[in-house]
Amino acid sequence: MVGHEVFVEHMTRLGLHPRVEAGLVIYDLEPVDGARAGTVVDTAVAVDELGRWPQVPPHWIHLPGDVTLARTNSRPSTRPGWTMHSRQIAGWGVDDPGVAWASHVRGVLGEARS
Amino acid sequence: MTRATSVAMTGQARDAICELLVRDDGQEDLCLALYRPSTGKRRTTALVGRPLPPHDAERVVHGNVTVTGEYIMRGAEMASAEQSGLVLLHSHPGGRGWQAMSGPDRDTEASYANLVREMTGLPLVGMTLGGGDRSWSARHWDHGVGRNVAPTECANVRVIGDRLTVTWNDRTTPAPPANHRQTRTVSAWGATVQADLARRRVLVIGAGSVGLDVALRLAASGLVNITIMDFDLVEVRNLDRLVGATRHDVSLRRTKVHVARREALRNATADRPQIRVSDLSICEPDGLLEALDHDLIFCCVDRPWPRAVLNSLAYTDLVPVIDGGIAIDTHPDGTMRNATWRSHVVRPGRPCMVCTRQLDMGQVALDAQGLLDDPSYIAGAPDQNPSGQNVAALSISVTAALLAQYVSFSVAPGGIGDPGPLQYVLSTHSLGHLDHTSKAGCMYEAAEPEGDQRQDLTGAHAAAESARARAASVPRWIRARRKLDDLVDRMNQDHS
């Protein structure tokens, strides 16, 4: 299996309903903090960034454009209307990669202002 | 051209195999083991994993030892199921040094070589343990078919434990003669050790202040086969640390590896030093292939991506990596607060760079995408750019720390091998052992070597491609001037 397929498997195991669309792996996540707490948010990672998964985690988190973060270094996503946010994950390589990634993205969504 | 072959295994695998092969009654014995191939540019290494102990009826011990077809079939089926190759190992209880094959040994291995290759898709590897001094010899039955099946003798067998133990095949890889220029060196550790060290193929990744110095000191110590890998050109900002590089090298747009090779050759004491250079990146597929041809690697780079590749191959391909670096802290006003330098050997049995916090895997994607060199990205994320402070007066201490690890790992003075991670703190002038251990669940310290089945961390490296393009696109007058300088250098070396 190539990297993004392993990622899809990891997200599936966590019940996050991953699907591959136009070069992104999109999955559902429900943040516990922030403006989006308690609602399911579509988030994504580029397939191109998953070639070395799970040894190397992706860097960019793709989010719908209406999700705004307090402090961010962002660029337009390849998905129209979406933005990709620069976020470096800390302490990678020890925990279950799927769980670690989902926790990381939940933490980022916890910063959401809208 | 026939590919070179070798075998590598961990100290743990060696101990498990010796447990099966060394008998109290002094008779020969045998066992099987699985291996994974690790394919370099010019050399294939069999990475020997766990042994498969024989059941009682699967071999007959009668002074000598005879293997049964049932045992070979069981081993080959298991190897096939695990996408591995099969090793047939036997002992010569009193043997010392590299063992020649007797007629019966050859006949036994030849008789199963075709079957094993058919079943596993990989050549049978034969190994012999010389019980007298625990030396190994090995061959890959990798050419010819049917009655013409034949082995390629390995150049060496490497055991990676608390020290790197190498048994050499003097026929394929004779020891270079020590000479009068090496008298003091040989007197430090003896002729046998010198004959071992001089033959090891060592790769230095990064030809900056530390890598250049490491390479020339290895050459001065009499090593014959040294490869230096770096894609960068010498720039003015390097001159305060790159000892040996000149403003003239900058104006001629010399590569760092050119300068490193020149300095290594000037300091080499071997009669025929082979200082090779590569302008590849270890992050590129061909750079990794190059690396797999070596017995030991010095990591003298600080970027996360190449460090991640090296961290991986130390475990997946059993190429030990001697790693280190310096961190200089400054006060807000720009004055120096402190400096620390670290060194360690990355190998099975020691924690990896991630567990010792010398590598942040979260930065690898950034580096691979070129964002650490992208001004627009850095402007938005100033904290994510690694600091670049370095001082020539201190980088020599990093070189010394790496080379001390190298000597302990290679020579084991007083019987003590690599000391584990060390850190020197400049402000207090204290050297300490760092109490790092492998973290539970570490995904980089593979339990069994994976070789060619490793997860590929390499890819196109834009920075390397760009540097090579810059080195190649020079005006004709610079090319002519380079040739003239090279000629003068060669003449000087011929007369030195």
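Which side chain meets that of B:D293 in a salt bridge? I would like to open with that pair, and I should say at once that what we are looking at is a predicted model, so everything that follows is a description of that model. The partner is B:R42, and the two side chains come to 3.0 Å, taken from N to O. This pair links distant parts of the chain, since B:D293 sits in the loop between α9 (285–291) and β15 (296–299) of chain B, while B:R42 sits in the loop between β2 (30–39) and β3 (43–52) of chain B, 251 residues apart. The two ends are also set differently with respect to the surface: B:D293 has a relative accessible area of 2% and is therefore buried, whereas B:R42, at 32%, counts as partly exposed.

Let me stay with salt bridges for a moment, because the structure holds 42 of them over all chains. In chain A, the side chains of A:R36 and A:D66 meet in one, at 3.5 Å from N to O. This pair, too, links distant parts of its chain, with A:R36 in the loop between β2 (24–29) and β3 of chain A and A:D66 in the loop between β4 and β5 (74–76) of chain A, 30 residues apart. Here A:R36 counts as buried, at 19% relative accessibility, which is just inside the limit of under 20%, and A:D66 counts as partly exposed, at 49%.

A more local case is found in chain B, where the side chains of B:E263 and B:R266 meet in a salt bridge at 3.0 Å, N to O. Why are these two separated by about one helical turn? They are three residues apart in helix α8 (residues 256–267) of chain B, and so about one turn of the helix lies between them. B:E263 is buried, with a relative accessible area of 9%, and B:R266 is partly exposed, with 47%. The pair also belongs to something wider, in that salt bridges sharing partners join B:D249, B:R262, B:E263, B:R266 and B:D489 into one network.

Now to the place where the chains meet. Chain B brings 30 residues to the contact and chain A brings 20 residues, and between them they bury about 2000 Å², of which 48% is on carbon and sulfur atoms. How many salt bridges does the rule find across this interface? It finds one, formed by the side chains of A:R75 and B:D374 at 3.1 Å, N to O. Polar contacts add to the picture, with a count of 14 residue pairs between the two chains, both residues being at pLDDT 80 or more. On the side of chain B that touches chain A, the elements giving two or more residues are α10 (304–316), α11 (364–368) and α12 (375–380) of chain B, and α11(B) gives the most, with four residues. By class, that side of chain B has 15 nonpolar, eleven polar and four charged residues.

Turning to the interior, a general remark may help: in soluble globular proteins, nonpolar side chains tend to be buried together. The largest nonpolar core here has 57 residues, and those that touch the most other members are A:F7, A:Y27, A:W101, B:I282, B:I297, B:L310 and B:M361. Its largest share, seven residues, comes from α10(B). If we leave aside neighbours within four places in sequence, B:L310 is in contact with several residues, including B:I205, B:I282, B:I297 and B:M353. Apart from this core lies another, of 48 residues, with B:V210, B:L212, B:A215 and B:I226 among them.

I will finish with some features of the backbone. The peptide bond from A:W53 to A:P54 is cis, with omega near 5°, and A:P54 lies in the loop between β3 (41–46) and β4 (60–64) of chain A. In chain B, B:R134 has a positive phi of about 55° although it is not a glycine, and this residue is found in the loop between β7 (124–130) and β8 (135–143). B:L318 likewise has a positive phi, near 55°, in the loop between α10 and β16 (321–330) of chain B. Is each of these two buried or partly exposed? B:R134 is partly exposed, with a relative accessible area of 45%, while B:L318 is buried, with 1%.

Definitions and conventions:
Residues are numbered from 1 along each chain as its sequence is written. Chains are lettered from A and ligands numbered from 1 in the order in which they are written. This is a predicted model: local features need pLDDT of at least 70, side-chain atom pairs count only at pLDDT 80 or more; totals for chains, interfaces and linings use all residues. Side-chain values use heavy atoms; hydrogens and water are left out. Contact means heavy atoms within 4.5 Å. Buried area is the accessible area (1.4 Å probe) that two parts lose on being put together, summed over both. A salt bridge is a side-chain nitrogen of Lys or Arg within 4 Å of a carboxyl oxygen of Asp or Glu. A polar contact is a pair of N or O atoms within 3.5 Å; within protein, one must be able to donate a hydrogen and the other to accept it, and residues adjacent in sequence count only if both atoms are side-chain atoms. Ala, Val, Leu, Ile, Met, Phe, Trp, Tyr, Cys and Pro count as nonpolar, Asp, Glu, Lys and Arg as charged, and the others, Gly among them, as polar. A nonpolar core is a set of buried Ala, Val, Leu, Ile, Met, Phe, Trp, Tyr and Cys residues joined through side-chain atoms within 4.5 Å. Buried means under 20% relative accessible area, exposed over 50%, partly exposed in between (1.4 Å probe, protein chains only).
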